[in-house]
Amino acid sequence: MAFFKRFFKKMSNKWYPQSVTVGKPVGTKEVADRLAQISTVSRSDVYAVLMDLAGVLADYMAQGRSVKIDGLGTFYYTLTAAGQGVETADKVSASQITGVRVRFIPEATRMGGSKSMNRTLISDNIFWMELNDAPETAPEEGGGSSGGGDRPEIE
């Protein structure tokens with residue numbers, strides 16, 4: 001079951017639903033336990049692989065490659081540059097780069113040639129329930145009518 005709360009967006013002067021997470025994030029050990037339960041791999045083997053996954057992804061992306069994990073999605077680097085740019089192409093340099101981010105695109109498949117997409121990380125049977133004790137205010141930053149962004153955690 002997924003949860004939402006009501007929030008008021010000052011810019012549009014309207015109310016919207018916003019997704020909220022509950023409790024603490026699920027940790028690596030819990031994910032390893034669950035994967036071990038549904039496979040023939042031991043918990044310790046799954047945990048070891050998960051712990052090394054971030055380093056492997058970083059190594060490949062540092063080589064300028066994206067990483068696609070079937071059933072999950074694609075990870076890749078993007079960058080931000082300082083200033084307003086330069087006048088000519090020959091003046092472009094790595095010294096303009098001020099930040100790097102990891103981007104993620106969830107895996108998606110087209111449904112029978114139609115324009116609709118099936119995203120593997122989005123369940124076909126999400127049941128949304130209003131979380132009544134969530135504050136009814138807009139988030140400080142991020143968020144939006146479809147959720148996402150910086151969401152408050154409700155415990």
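Q: Is Phe75 buried or exposed?
A: This is a predicted model, in which local features need pLDDT of at least 70 and side-chain atom pairs pLDDT 80 or more, while totals for chains, interfaces and linings use all residues. Residues are numbered from 1 along each chain, and side-chain values use heavy atoms, without hydrogens or water. With a relative accessible area of 17% (under 20% is buried, over 50% exposed, partly exposed in between; 1.4 Å probe, protein chains only), Phe75 is buried.

Q: In which strand does Phe104, the ring partner of Phe75, lie?
A: Strands are DSSP runs (E, at least two residues; helices are H or I, at least four), numbered from the N terminus. Phe75 belongs to S4, residues 73-81. The pair ties together parts that are 29 residues apart in sequence, because Phe104 lies in residues 97-106, strand S5.

Q: What is the angle between the ring planes of Phe75 and Phe104?
A: The structure holds three aromatic pairs (ring centres of Phe, Tyr or the six-membered ring of Trp within 6.5 Å; planes under 30 degrees apart are stacked, over 60 edge-to-face, the rest tilted). One of them joins Phe7 and Tyr16, tilted, with 6.1 Å centre to centre and 35° between the planes. The pair of Phe75 and Phe104 is tilted too, with its centres 4.7 Å apart and its planes at 40°.

Q: Which residue of the pair formed by Phe7 and Tyr16 is partly exposed?
A: Phe7 has a relative accessible area of 2% and is therefore buried. A relative accessibility of 25% puts its partner in the partly exposed class, and that partner is Tyr16.

Q: Which residue in S5 is the bridge partner of Phe75?
A: Strands S4 and S5 run antiparallel and are joined by nine bridges (strands pair if DSSP finds at least two bridges). Phe75 also forms a tilted ring pair with a residue of S5 that is partly exposed at 32% relative accessibility. The bridge partner of Phe75 in S5 is that residue, Phe104.

Q: Which turn residue between S3 and S4 has a positive phi?
A: S3 and S4 pair in the antiparallel sense over three bridges, and Lys68 stands opposite Thr74 in S4. The two strands form a hairpin with three residues between them. In this turn, a phi of about 85° belongs to Gly71.

Q: How far apart in space are the C-alpha atoms of Ile69 and Pro106?
A: Ile69 lies in strand S3, residues 67-69, and is partly exposed, with a relative accessible area of 25%. Leaving out residues up to four places away in sequence, Ile69 touches Leu53, Leu57, Phe75 and Glu107 (contact means heavy atoms within 4.5 Å). Ile69 and Pro106 are 37 residues apart in sequence, and their C-alpha separation in space is 9.5 Å.

Q: What share of the contacts with a separation of 6 or more lies between residues 24 or more positions apart?
A: The protein has two helices and nine strands, in the order β-β-α-α-β-β-β-β-β-β-β along the sequence. Tyr77, found in strand S4, is partly exposed, with a relative accessible area of 35%. Of the contacts in the protein with a separation of 6 or more, the share from residues 24 or more positions apart is 47%.

Q: What percentage of the residues in the protein is buried?
A: Phe7 and Phe75 are among the buried residues, at 2% and 17% relative accessible area. Over the 155 residues of the protein, the buried share is 15%.
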